[in-house]
Every structure is written in structure tokens, then in C-alpha cells.
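Here is a friendly walk through one model, strand by strand and then into its pocket. Have the viewer open and follow along.

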Amino acid sequence: MKKLLFFAAAYFFYTGLQAQKPAVNQPIPSPRQLAWQKMDYYFFVHFGPNTFTDLEWGKGTEPEDVFNPTNLDCGQWCRIAKAAGAKGIIITAKHHDGFCLWPSKYSTHTVAQSKWKDGKGDVLRELSDSCKKYGLKMGVYLSPWDRNHPQYGTPAYNDVFVNMMKEVVSNYGPFFEFWWDGANGEGPNGKKQVYDWQRFKQTMRSIAPNTVVFSDIGPDARWVGNEKGFAGDPDWNTLDTAGFTPGLGAPSQDTLNHGNVYGKVWIPAECDVSIRPGWFYHIEEDEKVKPPEELFQLYLKSVGRGANLLLNVPPDRNGVINAHDSAALVGFKALRDESFTKAIADKKFKAASSTYTIPLGRKQKINCIILQEDIATGQKIKAFTVQLLQNGKTVNELHGHTVGKKRILSFTATEADTFTVKIDDAKATPLLNEIAAYLIDEGLVEKE
Ligand code: FUL
């Protein structure tokens, strides 16, 4: 009898657990996307002839010798990335001017034709070695638009682009991300290229199946629709891509900003933004570096809305990150540490539910709540309400739309002893696997 009771109890316990497991709601992220989404924030590095000519879009006719960093130090970039809490670095291996920061076999407009290090220099090699040394992930931006390449504007250029992808992946990979810019202007012969996106995608999949591929519409990560670093609210990780292409054929910027609630493909947003007004270094912008508080606001509006933040930090003509930028980055890290190191409450959940209750232990002030949805089973939450309670009475109420991998809510500090998160609308019963509360500096609360 006892045995029977034991088995019955075990059975009900087991089926109970089964019932609480979050249901899978398609589409869901691939393992490579899930790993990438966990990275939250990393650096973008725009570096090349433009750094020396003070342009943003080089013409492609610049002599190779223009590129001449006096003291290139990728180790310094990595040390700053580490100190700033960034998880990786994506470099413009080739921007629209076509200049290759590595000695490519498929171009005559590269570091090898320059006098820099007697033509023996290789920025990708140095960065790849430094990233390995400092435990950072590396990514590559490769512009399909090429204002220098003589074959640009002809079908043969698609072979060149594919060969370049293969070359950088095999020589300097593995990469966590590969960045395709959708820009498509004229080349040296006045013609525009018809990009073979399908072939580019197949190439990446076969040579780098674990690399997240970015373009306006993925296949793995999408542009957020602006260069200000703001994800939409709501921000869906799902997008409809049928009939669209990167570049001019992309969905509207508003759609890219928000995603599509019932989008058929999992393509989360990445927010690219520069720490300075321009993407490349310009000395006259030294005083215009975004201060730590502004970077913190960007963080709330990107990572805090469930997207990734790709923060551009352009090295100067010496080949190092300028002191103005590194000071801002270290300050940004300090603000995040001060804000989020000590949680007032931090609760983990394993069971999917429509209501979550978080006791604060005693009455205390909070002004920031971080919600994390279990996205491995899909993004489900469409609307939620947070109620802050004092002795069972609601003293503040907040409403939100999507949660996704991370949602940072900040608001006027409120005294409460408990708060609840109620799911008002969802595609399926979601699992919030972590909910935490903080008291951050009042000046850091999200601004419109
Ligand atoms: C754009 C480019 O035209 C800009 O120069 C910059 O590289 C930015 C990240 O992407 O499409």
C-alpha cells in the first residue's frame, strides 16, 4: 500500500512538473542566436582610410598610404572593452571605400599595398590575436558596397565578396557575428551591384554555422531601424521576411524597430549606435563623446527592451581608443555596476505562470525592476502589469508590452513591501525565469 501511495505521489508530482513547463511557441531562437542574445552588449569599431581623411564614406580612390596608424594597439581596444563590460568587438574589415584591413588576395586596395608596416601589417590578425588573449569574441563587418573594386557592378563581384567572406572566416574566425551592411551605391564604373544575398547566406551557413549573420532582415539578427541605439517598445524578436531583401527592399524602419508580433522567423534586433556623432574618428568630435549617463539611457532603451547593443567606439589616427571615449566607457560601466550589483530582491522561477509575486522582505524604496522571459521556448508576453503593494494595497502600477530576454523598467521611486507581475496578454503562458528589483540613482531613470 505504502509503495502504491509513493508511486501515486511520484506520478502526480511528475505530471505537475510537466504541466508547469513552458509550452514551446514557434518560432524559437537557434542555439547560435540564444548564445548571441545573452551577450547583450559589445563594441563596433569603425577604422580605415576614413579615420585619416576625416570622411564618413570614403570614395574608394584614396591612396593606400593614407592608412597609417602610428601606434596600432588592438590590445588597448580589448582592455577598454573588458573594462567597459563589453563582450566582443566587431570591426569594419572593409567599409564602402573597399579598403581591406587584411591583405586580401581578392583586392589590390588593402593594407598590403600601403606603406604601413612596409605592407606587412594586418589589422584583423592583430585584433583576432588580442581578442583571444583577452577572452573577447570577435565579429566582422564586411560592406558589400565597394567603391573601389573594379568588378563591382558585375556578376563577378559576387564571387569576390564570397571569396572575401571565406578568406576572413578561415584566417581570422571563428566569429560570433558577421555584419552585412545593406548600403548599395555605385561603384567605380558607375554601376550598382545586384547582391546575391541567397548565395551570401548559403556561404556563411556552410563555412560558419555558429556565426550569427546580421543584415537589415537577418537571417539571424536584424537592424533595429535607426542608428540612435533605440529598440522599439514593444520589441518583438519575430519578423516576417518573405518578399523582403536587405537594403532598399527591407521592411519599413518602424517594422524593423518593433518586429512583427506574429512574425514567422526569429530575428532579434541589434541596436547600432556610435559613442560619437560620426562612425569614424574625427578630432573635432572629441568633445562630443556621449557621457556615461547618456550611454546608460541607451542601455535602457536597447538591452532594457530585449535587444543587443552594438556600441561604436572608433580608434583615432594612432590606432588607439581615445581618452575621451575610454573615460566615458569606464563611467558607463560604473553606472551599471552601481545600479545593478546589489539587488533588493532577486527571484528565480521554474514554472510558467500568469502571476508572479515578489516579496521585498520589508517596506523599502525601489525604482527599477528587471524581468527576464524564457525565450528559448519563444517570446510570448504581449502585455503585463506590475503592481507595487504596501500592506496589500496598490501604491503604484506600471504597464508594459513585451519582455523578451530582458526588460528593464524604471520609474519614480516607490515604497513597497511586495510587488506582483501579472501577464495581461500572451501568446501562451510564459515563464519569467528571473525578476529582480533595484534602487538606482534617480537621475538614471529612463527618460522619454
Ligand atoms: C551604414 C553605413 O553607411 C555607415 O557608414 C556605418 O557603417 C553604419 C554602421 O552602417 O549603413
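## Strand β10, enclosed

In this predicted model, strand β10 (residues 308-312) is largely enclosed by the rest of the structure, because five of its five residues are buried. Buried here stands for under 20% relative accessible area. The cover extends to both faces: Asn308, Leu310 and Asn312 are buried on one side, and Leu309 and Leu311 are buried on the other.

Which strands does β10 pair with? Strand β1 (residues 41-45) pairs with β10 in the parallel sense over four bridges, and phenylalanine 44 stands opposite asparagine 312. Strand β9 (residues 269-274) also runs parallel to β10, joined to it by five bridges; there, cysteine 271 has leucine 309 as its bridge partner. If you trace the chain here, β9, helix α9 (residues 292-301) and β10 form a right-handed β-α-β unit.

## The barrel as a whole

Step back, and these pairings fit into a closed barrel of eight strands with parallel pairing, in the order β1-β2-β3-β4-β5-β6-β9-β10. On average, and with direction ignored, neighbouring strands of this sheet are turned by 25 degrees against each other.

Elsewhere in the barrel, strand β2 (residues 88-94) and strand β3 (residues 137-142) run parallel and are joined by six bridges. In that pairing, glycine 139 of β3 is the bridge partner of isoleucine 90.

## Strand β4 and its neighbours

Are the residues of strand β4 (residues 177-180) buried or exposed? Glu177 and Trp179 point one way and Phe178 and Trp180 the other way, and all are buried.

Strand β3 is joined to β4 by four bridges, and the two run parallel; leucine 142 has tryptophan 180 as its bridge partner in β4. The chain gets from β3 to β4 through helix α6 (residues 155-172), in a right-handed β-α-β crossover. With strand β5 (residues 212-215), β4 pairs in the parallel sense over three bridges, and tryptophan 179 has phenylalanine 214 as its partner in β5. Helix α7 (residues 197-207) completes a right-handed β-α-β unit with β4 and β5.

## The largest pocket

Now for the empty space: the largest pocket holds about 470 Å³. It is lined by 23 residues, and the closest to its centre are Asp181, Gly182, Ala183, Trp223 and Glu227.

What is the lining made of? Its residues divide into 10 nonpolar, seven polar and six charged.

Conventions. Residues numbered from 1 in each chain as written. Predicted model: local features only at pLDDT ≥ 70, side-chain atom pairs only at ≥ 80, totals over all residues. Heavy atoms only, no water. Pairing = 2+ DSSP bridges. Axes fitted to C-alpha atoms, helices over the stretch in contact; angles between N-to-C directions. Buried < 20%, exposed > 50% of the residue type's maximum accessible area, 1.4 Å probe, protein only. Right-handed = clockwise from strand over helix to strand, strands pointing away. 1 Å grid on protein atoms, 1.4 Å probe; cavity = no way out; pocket = protein on both sides within 12 Å on 5 of 7 lines; lining within 4 Å. Points joined across faces, edges and corners; volume = space filled by probe spheres on them. Nonpolar A, V, L, I, M, F, W, Y, C, P; charged D, E, K, R; others polar.
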